[in-house]
Amino acid sequence: MDIAEPAVDTSGQMVKDELAEKCQKLFQAFLEEFQNSDGELKYLRDAEELIRPERNTLLVSFTDLEGFNQELATTIQEEFYRIYPYLCRAVRNFARDRGNVPASKEFYVAIQDLPTRHKIRELTTLRIGSLVRISGQVVRTHPVHPELVSGTFLCLDCQSAIKDVEQQFRYTQPSICRNPICNNRRRFLLDTNKSKFIDFQKVRIQETQAELPRGSIPRSMEIILRAEAVESAQAGDKCDFIGCLIVVPDVSQLSAPGVRAETSSRTAGAQGYENEGVRGLKALGVRELTYKLAFLACHVAPTNPRFGGKEIRDEEQTAESIKNQMTVKEWEKVFEMSQDKNLYHNLCTSLFPTVHGNDEVKRGILLMLFGGVPKTTMEGTSLRGDINVCIVGDPSTAKSQFLKHVEEFSPRAVYTSGKASSAAGLTAAVVRDEESHEFVIEAGALMLADNGVCCIDEFDKMEMRDQVAIHEAMEQQTISITKAGVKATLNARTSILAAANPVGGRYDRSKSLKQNVNLTAPIMSRFDLFFILVDDCNEVTDYAIARRIVDLHSRIENSIDRVYTLDEIRRYLLFARQFKPKISKESEDFIVEQYKRLRQRDGSGVTKSAWRITVRQLESMIRLSESMARMHCCDEVQPKHVKEAFRLLNKSIIRVETPDVNLDQEEEEAMEEEEEEDNQMNRQDVPNGDADNHVNGHVNGHVNGHELTNGISGESQSGKPSLRLSFAEYKRISNLLVLHLRRAEEDENEDALKKSAVVNWYLKEIESEIDSEMELISKKAMIEKVIHRLVHYDYILIELSQSGLKSSTQSSGTEDRDDDVTLVVNPNYTLED
């Protein structure tokens, strides 16, 4: 019986944890004695900082702990959850020895530099309570709440105060009143003024794409942040969390509809005791409990600790601070790169070593990574600095390859496919939290790529209503949400790199870009650069591409030669992005001059450009020239930078290539049909042996004849010149005729609508160009054929005879001179601008 006796005596006392108290003493000794390489006490200055009212967390390096006492470090790592309150006490004692600290102030300890990093999948029940470091991408953040740490309760029966009741992830009342006379177990009131609260925030993280096993769905994990760790991770950040794995009751399961919690069946017995059987969670009745794993983090650090963990796009650093974070060797490399005369080309080849050719696209993407300078006007309007690029091209022109390269290279890039993305998935979704039933915002692709690049593949296959969601993000760089009582404007300072296929699979050169791509005009004007990749048959390039691909497949490692490694480029990018180049006076004039040229050329309807030049293209030119200056680490935009920007912009505004119009098409087709009939006749007449020779001779003659007709004035087989017009000239004449006929219709001048009158009017218009009678006859024949083509091929004009519409039998034959038809413009035809 002597074993049980001590238990009787200590019924009202706390049980001592000797191991934890020993750790507390050792940890306090570590804080007081540990010196850095200079012989200073390392944690002294940090402890003095803790006296300030807003600070309460001391950051301790795990490597220092290992160096000081290996046993202590091991115990902390294995028993972290058990020892943590004692470590915090040690910090409190250490801080109190150093200065005047309020007695009620709580202190916390955060541990960094833990050597091993675990994936979310590796967190099993074995690791509960031990110190772990996990990494993942934050996908959802909750608002910061106060959490009750230790409560002071008032007994409603005897009015005595019960202090320091520890709370653990749920509201815990004292089990019994500490007054020996009072037996109250249920009626307590929380005294909020004397209780201690702490900031508390829940964050959900998800596995990053890189560490996902094949064919798996990303796992997610709830992270609980407290004290100074709150608000240190935003949606989209890739972070390392150091803390311990804990088990919490799954409240969302308990409050699930369908199974009601049995709370009303309780009856209070004599003296306030409850007549209850098995005790589950108080107030939830006897129910099967479900638990879930959560992660209690004491420290949050960005995943890429080099460069202070700042992303490539972070604008808050200075060039000086970045230089300080590099080693001497790295800094020398960055300096050497900035002096490189051939930097532009070398960066392109180093970034995309596996893609052959397409130099313009590489340059455009490189400038997109450097980005322009974002500015804010006096009124507070922000002008974006990010460059948006769209790649349109035939299948197998390495579009997705570019997107994948950028996603792997840029530390904050999100890759998504157009068809599989919804509007909410691209911008942000408002979802209801399972536990608190509040609405929280879950970040979409554009928010996750804030300060990075969002790669959208199959951009043309997106639903129209989903494309509209990107409008605001592309120009204003924000996402506004008003739904479910949540009104928020979120940042989406991202560059968009989109890839699209032309309508019908292949790019049709005879149509403009707008007709080739299934995109609306507002979205098209928001892209700074359009690159059109056409899969042409060209013996030289085909050979080079084939060599490149075979080389890549046969010797993967050796075939890639990079001038700079990806890490060097990342460092250089980060450094170069700190420059904020200003536009010099000459560059200003040059930009204005070039913009005027672009506008004028766009206005003159003859050479139609691929899309309209708007002020957005002027801003694009400014952004691209700033990006060029940044790449060369210049503080000023010089005319040479503007020249390159203008050249790139010009490349993307592709001229529409249209074939010449053959006015003798109908006659040639008729002749071909006759020849085919002749061939068949000959084939039947001639014996087998000679048939081949005969046909071959015939076909060759035909082909040669056809080649001649391709010349502007080549003789066709009948010896008559084939009439051809350039598309621009044909368009010009057709517009002239349409305008003339419309004017005549308005004046109700029926005679002017007659075909002969129209021909005469046109010849009169160009009489200054006609020198001889021969020329007059050829011009007359040409205008008649143009009208014929406008009627029968393009359906722009309609022929009306006396009895109404002209009969089809007559239309193919030659027209009678007596029956001079009236021409009118098709009412559905609109003149292109």
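Over the ring of which residue does the charged end of R89 sit? I start with that detail, and the answer is Y86, with the charged end of R89 placed 4.6 Å from the centre of that ring. Please keep in mind throughout that what we have on the screen is a predicted model, and that every value I quote is computed from it.

Let me step back to the chain as a whole before returning to single residues. The chain has 833 residues, of which 43% count as buried, and it is built with 28 helices and 28 strands. If we take the contacts between residues at least 6 apart in sequence, 71% of them join residues at least 24 apart. As for the surface, the chain exposes about 44600 Å², and carbon and sulfur atoms supply 51% of that area.

Now to the interior. The largest nonpolar core has 59 residues, and the ones with the most contacts inside it are L347, I365, V406, L497 and M631. Helix 11, which covers residues 359-370, gives this core its largest share, namely seven residues. If we follow L347 and set aside its neighbours within four places in sequence, we find it in contact with M337, L366, F370, Y564, I569 and M631. There is also a second core, separate from that one, with 41 residues, including I76, V109, L131 and V248.

I would like to turn to the aromatic rings, where twelve aromatic pairs are counted. Take F352 and F402 first: the ring centres are 5.2 Å apart and the planes stand at 80°, so this pair is classed as edge-to-face, the class for angles over 60 degrees. The two residues lie 50 apart, and the pair links distant parts of the chain, with F352 in the loop between helix 10 (343-351) and helix 11, and F402 in helix 12, residues 399-409. Are these two residues buried or exposed? F352 has a relative accessibility of 2%, and it counts as buried because that value is under 20%; F402, at 0%, counts as buried as well.

A further edge-to-face pair is formed by F575 and F579, with 5.7 Å from centre to centre and 85° between the planes, and both of these residues are buried. Elsewhere, F27, F30, F34, Y43 and F68 make up one aromatic cluster. To come back to the kind of arrangement I opened with, K404 lies over the face of Y415, at 3.8 Å from the ring centre.

While we are in the region of that cluster's numbering, let us look at Q28, which is placed in helix 2, residues 18-33. Q28 has a relative accessible area of 15% and is therefore buried. Apart from its neighbours within four places in sequence, Q28 is in contact with A90, N93, F94 and D97.

Next comes a hairpin. Strand 18 (residues 478-483) and strand 19 pair in the antiparallel sense, over six bridges, and within this pairing S480 stands opposite T489. Two residues lie between the strands, and in this hairpin A484 takes a positive phi near 55°. Strand 19, residues 486-491, has two faces that contrast with each other: V486, A488 and L490 are on the covered one, while K487, T489 and N491 are on the uncovered one.

Positive phi values also turn up in two loop residues that are not glycine. D113 has a phi near 60° and lies in the loop between strand 2 (108-112) and strand 3 (131-141), where its relative accessible area of 41% makes it partly exposed. E231 likewise has a phi near 60°; its place is in the loop between strand 8 (220-226) and strand 9 (238-249), and at 45% relative accessibility it counts as partly exposed.

I will finish with one more residue, H345, which sits in helix 10. How far is H345 from R363, in sequence and in space? The two are 18 residues apart in sequence, and their C-alpha atoms are 8.2 Å apart in space. H345 itself is partly exposed, because its relative accessible area of 38% falls between the 20% and 50% limits. With that I will stop, and I am glad to go back to any of these places in the model.

Conventions. Residues numbered from 1 in each chain as written. Predicted model: local features only at pLDDT ≥ 70, side-chain atom pairs only at ≥ 80, totals over all residues. Heavy atoms only, no water. Helix = DSSP H or I, 4+ residues; strand = E, 2+ residues; numbered from the N terminus. Buried < 20%, exposed > 50% of the residue type's maximum accessible area, 1.4 Å probe, protein only. Contact = heavy atoms within 4.5 Å. Core = buried A, V, L, I, M, F, W, Y, C linked by side-chain atoms within 4.5 Å. Areas by Shrake-Rupley, 256 points an atom, 1.4 Å probe, with all protein chains shown as cover. Pairing = 2+ DSSP bridges. Phe/Tyr/Trp six-rings, centres within 6.5 Å; stacked < 30°, edge-to-face > 60°. Lys NZ or Arg CZ within 6 Å of the ring centre and 35° of its normal.
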